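Subject: The structure, and what I found in it

Dear colleague,

I am passing on the structure that we talked about, and below it you will find my notes. Please keep it open beside the text as you read.

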Amino acid sequence: MFGLLLSVFSLDGRPRYIHTGWFLISVANLVVVLVMLALFALAIALPFPHGGKDE
Amino acid sequence: MIPPDRTPTWTGRVRGVAEAALPPERLLPDTQPAYVASWIYVFGVLTLAALFVVLVSGAVIALAGPAWWHGSTVGHFFNSVHLWGTELFFAFMVVHLWGKFFMAAWRGRRAMTWITGAVAFLVSIATAFTGYLTQQNFDSQWIGTQAKDGLNASGVGAFFNVLNYGQMLLWHVVLLPFVVCLLIGGHVLLVRRRGVVPPLPIGDEKP
Amino acid sequence: MSVAGYPLSPDPNVEWTGAKRRYDIVKEAVIAIVAVSLLTTLLALLFSSPDSKPVTIAQWAVEAPQDFLATAAAELDGTSGLATYGPPYTHTPGAGQNIIGGISLQRLVGVRIPIDTARAFVLDPLAVPVANDPTLAAALTRYEHAPRAVQQRWATGFANSLAHTQTSGTSVAAGGFGPVPEMLGGLLGMARSGALDAALISTSRFYQTNFTKALLFLADGSYLETVASQQNLLGSQWGMMNETGSYPGQAWLWLYTLWYQVPPFSTSDNADAQIWAIMAILSLALVLIPFIPGVRSIPRWVPIYRWIWRDYYRRASSSP
């Protein structure tokens, strides 16, 4: 039978944190922030296709 | 058609103002300036799309009530869609904000576009916050009992009681989404009205 | 020199009359909605969403009875966190956080959600079990008829003794504290049965949606906080940003929670009021960036725009 959680990767386990001095961030949040920064960088760097002749 | 006495009606006046501000070609254009040619420009519509997913998944959860998802696989799935839609909504919105900041997109009488966007960001935070409060799980208990101190310290907590579930549920489902949609609607119409901001001048030339 | 249709210094105040490209706004919106819907569905299927079971007062009373009793005693003698909180809950002189100097929005607004902690968390709930327990009823009657100073002495004495008393299960050590041990023992039994959870939500009306009293009582104890610390949700653990388990939380709250980690806020009694004031100012500044000299010039100093519009600048600079 299916459990209540339809998940392939369970994120309910023990959280992992990065802790240096007073700075503390969860791995999950860090991944989100890094992905956002990567998206921003890629959005600017990647060439945009020119679909049609400019008028 | 102007009525026989030729006095413009309220409706006529509103239509006139709307048509002047947003004629059809501006409201639903099929051309755009040649400088709109970067992937950074898609993050606005991605944010809107994520908002759409959040609203629809929220509506599905509302169909069966706030306790449904704790005991239903389908309900839990839609709760997950609602959560990840919210994460994507904020991620896309912040990247959109970064892009618009570095383009100084408030130039050329576009300050209100920036303002409506920034206020929408802040109101979205409040909306997500009330969402966490209405989950009916440990998260709701902890977030509510912690957030109350900050809100009480600023005087807001006396009126906006984060421990009052009924109040928070209605703010989350009715009041705040209405305000968010109003702000984002205004924001999008302002972009249509003013057009996408042109490039900053390069060299010594001033705009 | 500008190329026709590609001015090097376009005027942002006027409608664009330069080069245009084909654009399908409806198609763009449909593609975005489909793409984001698929991505969200994928994330939901892969990772689901957290649902940590809520803590109940019954659970608290079973797993940490001494903490429960200590909290109940403190509510009774008026020394609990809530009893001394000040506005909006209690009229405690001088209580409430200051933004700066003696300015307190908390005190200015005043008590709007009044709670008498002894009545709300001990005396009124006990009206339920006393209906079938003559001994408990007698204890409650004795307490209610005693002078206030005597009530205080009993409750405070019992609260102090709890620190030195081994408490396990339903038995509560008694000794010179009047009817208080009997009363709080009855309350503990009521809590363990689940009846206190219900009593703290019920009012004279049938339908209920307000969990204020139950949550404030839970928060006055240490049990809720213990569960939270295991999930790294405490303020000192940047908890505002975090979520239970390994789920991403609210990364956008980074600046709100950062202040709590640094002096002087990390040790200030007025941290909440001060930080919320700072964040109100910074939030207003975010909204008003177009009008803030210096900040509104950052895009020109950090020329990311040259990358964004590199294609346009190349065309604008090319020879006709």
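Before the details, one definition is useful: helices, which are H or I runs of at least four residues, and strands, which are E runs of at least two, are taken from DSSP and numbered from the N terminus. Please also keep in mind that this is a predicted model.

With those names in hand, we can begin at a single residue, C:Gly178, which sits in the loop between H7 and H8 of chain C. Is C:Gly178 exposed, partly exposed or buried? A residue is buried if 20 or more other C-beta atoms lie within 10 Å of its own, and because C:Gly178 has 19 C-beta neighbours inside 10 Å, it counts as partly exposed. Leaving aside residues up to four places away in sequence, C:Gly178 touches C:Arg142, C:Tyr143, C:Ala146 and C:Trp154. As for C:Val36, which is 142 residues from C:Gly178 along the chain, the C-alpha atoms of these two residues are separated by 65 Å.

One of the residues that C:Gly178 touches, C:Trp154, brings us to helix H7 of chain C, where C:Trp154 is buried together with C:Gln151, C:Ala155, C:Phe158, C:Ala159 and C:Leu162. Viewed down the axis of H7(C), these buried residues fall within an arc of 125°, so they line one face of the helix. They pack against helix H3 (65–77), helix H6 (134–145) and helix H8 (180–193) of chain C. The length of H7(C) can be checked too, because its 15 residues (148–162), at 1.5 Å a residue, should span 21 Å, and the end C-alpha atoms are indeed 21 Å apart.

Stepping back to the whole of chain C, we find 16 helices and one strand. The radius of gyration of chain C is 30 Å, well over the 20 Å that the globule rule gives for 320 residues, so the chain is more spread out than a compact globule. Its C-alpha atoms fill a box of roughly 100 × 50 × 40 Å along the principal axes, and 38% of its 320 residues are buried. Among the contacts in chain C with a separation of 6 or more, 57% join residues that are 24 or more positions apart.

How many residues of chain B are in contact with chain C? There are 80 of them, and they meet 79 residues of chain C. Helix H4 (73–102) is one of the elements of chain B that supply at least two residues to this side, and H4(B) gives the most, with 14 residues. By type, the residues of the side of chain B that touches chain C divide into 47 nonpolar, 25 polar and eight charged. The two chains also share a strand pairing, in which S1(B) and strand S1 (residues 20–22) of chain C run in the antiparallel sense over three bridges, with B:Thr31 opposite C:Arg22.

Finally, chain A has one helix and two strands, in the order β-β-α from the N terminus on, and 11% of its 55 residues count as buried. Its strands S1 (residues 17–20) and S2 (residues 23–26) pair in the antiparallel sense over four bridges, and A:His19 has A:Leu24 in S2(A) as its bridge partner. The hairpin of S1(A) and S2(A) has two residues between the strands, and in it A:Gly21 takes a positive phi near 65°.

With best wishes

Note on methods. Residues are numbered from 1 along each chain as its sequence is written. Chains are lettered from A and ligands numbered from 1 in the order in which they are written. This is a predicted model: local features need pLDDT of at least 70, side-chain atom pairs count only at pLDDT 80 or more; totals for chains, interfaces and linings use all residues. The radius of gyration is taken over C-alpha atoms; the globule rule is 2.2 Å times the number of residues to the power 0.38. A residue is buried if 20 or more other C-beta atoms lie within 10 Å of its own, exposed if 12 or fewer, and partly exposed in between; C-beta atoms are placed from the backbone. Two residues are in contact if their C-beta atoms, placed from the backbone, lie within 7 Å. Ala, Val, Leu, Ile, Met, Phe, Trp, Tyr, Cys and Pro count as nonpolar, Asp, Glu, Lys and Arg as charged, and the others, Gly among them, as polar. Two strands pair if DSSP finds at least two bridges between them. The expected span of a helix is 1.5 Å times one less than its number of residues. The arc is that of the directions from the helix axis to the C-beta atoms.
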